[in-house]
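Reader: Could you take me through one part of this protein up close? I would like to see how its strands and rings fit together.

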Amino acid sequence: DQWLVYDVRTQAGGIGACPRIEKVNIQTGQVVVLYELLQNTEFGPGVGAVSYNHAANQVVFIHGLMNCTETNPYQQWRRTGVIIDESKPGQPIFMDARDITPPFTPGALRGGTHRHEWSGDGQWIGYTYNDAILKHLEDSTGQVHNLRTIGVSKNISPVQVPLRNDGDNVSGQWFSAIVVNVLANPAPGSDEISRAAGDSWVGYDGYLNKNGEKQRARAFIGTTTDSNGASVDEVIIVDIPEDITKLGDSGPLEGTLTTMPAPPANTFQRRLTNTSSWKTPGCTGVVRSNRTGSMLAFLAKDEAGKNQVFVISPNGGEPKQVTFEVAGVLSNPRWHPTKDRICYVAENSIFTKTIGQKESFRLTKPTDIPPLDLVWSHDGKTIAFCRMIKNESGELTKQIFTINP
C-alpha cells in the first residue's frame, strides 16, 4: 500500500522500446529504478507490463530476449518473464524457461509469456502465451498455428535447458505449463476455442467448487465459434491441479514440432457463458474475481448495445448485469480487496459500486480523456489510475494519480 510499480513505455515505442521498470511512493513521490536496460533500442529487448507480488517485495514483468536485433526484434513469441526482488534491484531472475531446441524440455515453454500475474500466496504466476515453434510452422505453411493461450508457472523447481549460441534458449527458476487448449478451427456450436486471453486468478487462492472443495483456477475470455460460424468471445474457466508436472491426456507437456505444449493431468476447461442468443453477443475485457472467488466480473453489451459489468459464478449459471450506466462502461472493473465492490470508468469518470446495491458513486470529475488502468490498494483505501496530461512541450503523457474513495 506504499508503492506502485510501472514501466515507462511510450505509445509510439511500445514494450520493445521500453528500457526501464520503476516504482513510485504514493505518499512522497519518490521514484526508484528497479531494473534498466542500458542498451535498449526500438527493436528490443524491451521490458514492460509489470506486476507486484501480493506476498513479498518482488515484481515480475515481460523481458524481451537479450539477442534482439533489427532483423530479429522483440516479438510476442520472443520474450520471457523476469522477477526482481526489491532488495536486489537490477538483478534479473528469469522465471519461465524457454527451449526451442527439440527434443523440448518439460517445464520449459517454447515462446513468449505476457501479462504476468501473481497468485495471492505468491507461489504461482499466470500469463498469456504465444509459441515460437508454431509461429515458424505458421510462416512456412501459411496456416494458422500460433494461437494465443494461457500458461502458469509454479515456484517448485528450476528448469535447466540446453543453451544455444544464438541466445534463444533461457533456463528458468520456475516450472511452467500451458493450461488451456486452443484450436485453429473450433467446431461450430461447441465449447472449443481458438484464442484465450483477458485472464486472471480466481479468488485469493481459488474458489469453492460444487463439492465444496477449494479449487485453483484462472478465468479468461475464450473465442468460440457459434452454430452460424461466427466468432463469439465467451467467459471460460480452467481448473488447475496443484501438481502441474504430470503428463495429461492431450500430449506432452513440452509439446512437439507441430503441436502446442499440452495441459498437465487433471486440468479441466469449462465454458461459463453462452451469449450467442443475446442481442449483441460476446464478452470482453479482463475477467476478474472477487477475493473469495465466488464472483467473476467481465464486460458485455446490454440491450442498448452499451458495455456493462456482468458477474457470474465460477460454478456456472446465468450472468447477472450489475452496472446500468447510460453511456456504458469504459474500463475493466477492478474489485475491492475485501468487499464485493468494484470500481470502473464511465462518462470519463471513476465510479464505484457495491454488488447488490442500486446506486453507483462518481469519484472523479469528467475529463477530456477517460482515466486508465485502475487498481485498488490492498487495504482498500486508495485507487490508483493513470491520466493523459500535457507535458511542458504540449505532448500528451501518461501519469499516475491516486484517489481515496
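**A sheet and its ring pair**

Author: Happy to! I383 stands opposite I403 in β28. This is a predicted model, in which local features need pLDDT of at least 70 and side-chain atom pairs count only at pLDDT 80 or more, while totals for chains, interfaces and linings use all residues. Residues are numbered from 1 along each chain as its sequence is written, and side-chain values use heavy atoms, with hydrogens and water left out.

Now to the strands (DSSP runs of E, at least two residues, numbered from the N terminus). Strand β27 covers residues 383-390 and runs antiparallel to β28, with eight bridges joining them; two strands pair if DSSP finds at least two bridges between them. Together with β26 they form an open sheet of three strands, in the order β26-β27-β28 with antiparallel pairing. The edge strands, each pairing on one side only, are β26 (372-376) and β28 (396-403).

β27 and β28 also share a ring pair (Phe, Tyr or Trp, the last by its six-membered ring, with centres within 6.5 Å; stacked if the planes are under 30 degrees apart, edge-to-face if over 60, tilted otherwise). The ring centres of F385 and F401 are 5.9 Å apart and their planes are at 20°, so this pair is stacked. F385 sits in strand β27 and F401 in strand β28, 16 residues apart.

How covered is each ring residue? F385 is buried, at 6% relative accessible area, whereas F401 is partly exposed, at 26%. Here buried means under 20%, exposed over 50% and partly exposed in between, with a 1.4 Å probe and protein chains only.

Notes:
Helices (H or I, at least four residues) and strands (E, at least two) are DSSP runs, numbered from the N terminus.
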